[in-house]
Amino acid sequence: MSTIELDKDNFQTAIQDTKPLIVDFWAPWCGPCNNFAPIFEAAAEKNDDITFAKINTEVEQELATTLSIRSIPTLMVFREQVLLFSQPGALSASQLDELIAQIRDLDMEQVHAEIAAQQNGAGEQDA
């Protein structure tokens, strides 16, 4: 599967999908972004169970600001509406493969339980 383009209009829908979503924030003038693009595309081609998306920060400045993107490239990973990973800097192919393996192995029931426990704990502290 190739990558899809995301913008402020379809971003929310994309993170609500049940498939994991890996988002590459980039810009055309960014050298490291251009160097990372073929690695990202190759990973997208061999991992049909994951959605790979790109957001051009030059075009989608409002979305990039909302998501606190301060440097590019930045990768974000969402699964079941949960932000699991956010890191600036390009990854090597092997680093991206490792990240993909970790995403697949993650027990999302446990992640949701931990989030709920944190939210309940925060609510109790506010009381």
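## Close-up views of a predicted model

**View 1. A disulfide links Cys 30 and Cys 33.** Cys 30 is joined to Cys 33 by a disulfide, with an S to S distance of 2.4 Å; the term stands for a pair of cysteine sulfur atoms within 2.5 Å. The structure holds 1 disulfide. The link between Cys 30 and Cys 33 is right-handed, with 75° about the S-S bond. Cys 30 is buried at 3% relative accessibility, and Cys 33 is buried too, with a relative accessible area of 2%. Here, buried means under 20% relative accessible area, exposed means over 50%, and partly exposed lies in between (1.4 Å probe, protein chains only).

A word on the model before we go on: it is predicted, so local features need pLDDT of at least 70 and side-chain atom pairs count only at pLDDT 80 or more, while totals for chains, interfaces and linings use all residues. Residues are numbered from 1 along each chain as its sequence is written, and side-chain values use heavy atoms, leaving out hydrogens and water.

**View 2. Five strands make an open, mixed sheet.** The 5 strands of this open sheet come in the order S1-S3-S2-S4-S5, and their pairing is mixed. At the edges are S1 and strand S5 (82-88), each of which pairs on one side only. Strands (E, at least two residues) and helices (H or I, at least four) are DSSP runs numbered from the N terminus, and two strands pair if DSSP finds at least two bridges between them.

**View 3. Strand S2 has covered faces and two partners.** In strand S2 (residues 21-26), 6 of its 6 residues are buried. Leu 21, Val 23 and Phe 25 are on one side, with Ile 22, Asp 24 and Trp 26 on the other, and both faces are covered. S2 runs parallel to strand S3 (residues 51-56), joined to it by 6 bridges. Between these two strands the chain passes through helix H2 (residues 31-46), making a right-handed β-α-β crossover. Right-handed here means that, with the strands pointing away from the viewer, the path from the first strand over the helix to the second runs clockwise. Which residue of S3 stands opposite Leu 21? That place belongs to Thr 51. With strand S4 (residues 74-79), S2 runs antiparallel and shares 5 bridges. In S4, Thr 74 is the bridge partner of Phe 25, while Val 77 is that of Ile 22.

**View 4. Leu 6 belongs to the largest nonpolar core.** This core has 15 residues, and those with the most contacts inside it are Leu 6, Phe 11, Leu 21 and Val 23. At least two core residues come from each of helix H1 (11-16), S2, S3, helix H3 (61-66) and S4. Another core lies apart from it, with 14 residues, among them Val 77, Leu 91, Leu 99 and Ile 100. A nonpolar core is a set of buried Ala, Val, Leu, Ile, Met, Phe, Trp, Tyr and Cys residues joined through side-chain atoms within 4.5 Å. In soluble globular proteins, nonpolar side chains tend to be buried together. Beyond its neighbours within four places in sequence, Leu 6 is in contact with residues including Phe 11, Ala 14, Ala 53 and Ile 55; contact means heavy atoms within 4.5 Å.

**View 5. Thr 3 meets Glu 41.** Thr 3 lies in the segment before strand S1 (4-5). Is Thr 3 buried or exposed? Thr 3 is buried, as its relative accessible area is 17%. The side chains of Thr 3 and Glu 41 share a polar contact of 2.9 Å. Such a contact is a pair of N or O atoms within 3.5 Å; within protein, one must be able to donate a hydrogen and the other to accept it, and residues adjacent in sequence count only if both atoms are side-chain atoms. Leaving aside neighbours within four places in sequence, the contacts of Thr 3 are Phe 40, Glu 41, Ala 44, Phe 52 and Lys 54.

**View 6. Backbone details flank strand S4.** Pro 73 is found in the loop between H3 and S4, and the peptide bond leading to Pro 73 from Ile 72 is cis, with omega near -5°. In the loop between S4 and S5 sits Glu 80, a residue other than glycine with a positive phi, near 50°. Glu 80 is partly exposed, at a relative accessible area of 33%. Gln 81 is also placed in the loop between S4 and S5, and its phi is positive as well, near 65°.
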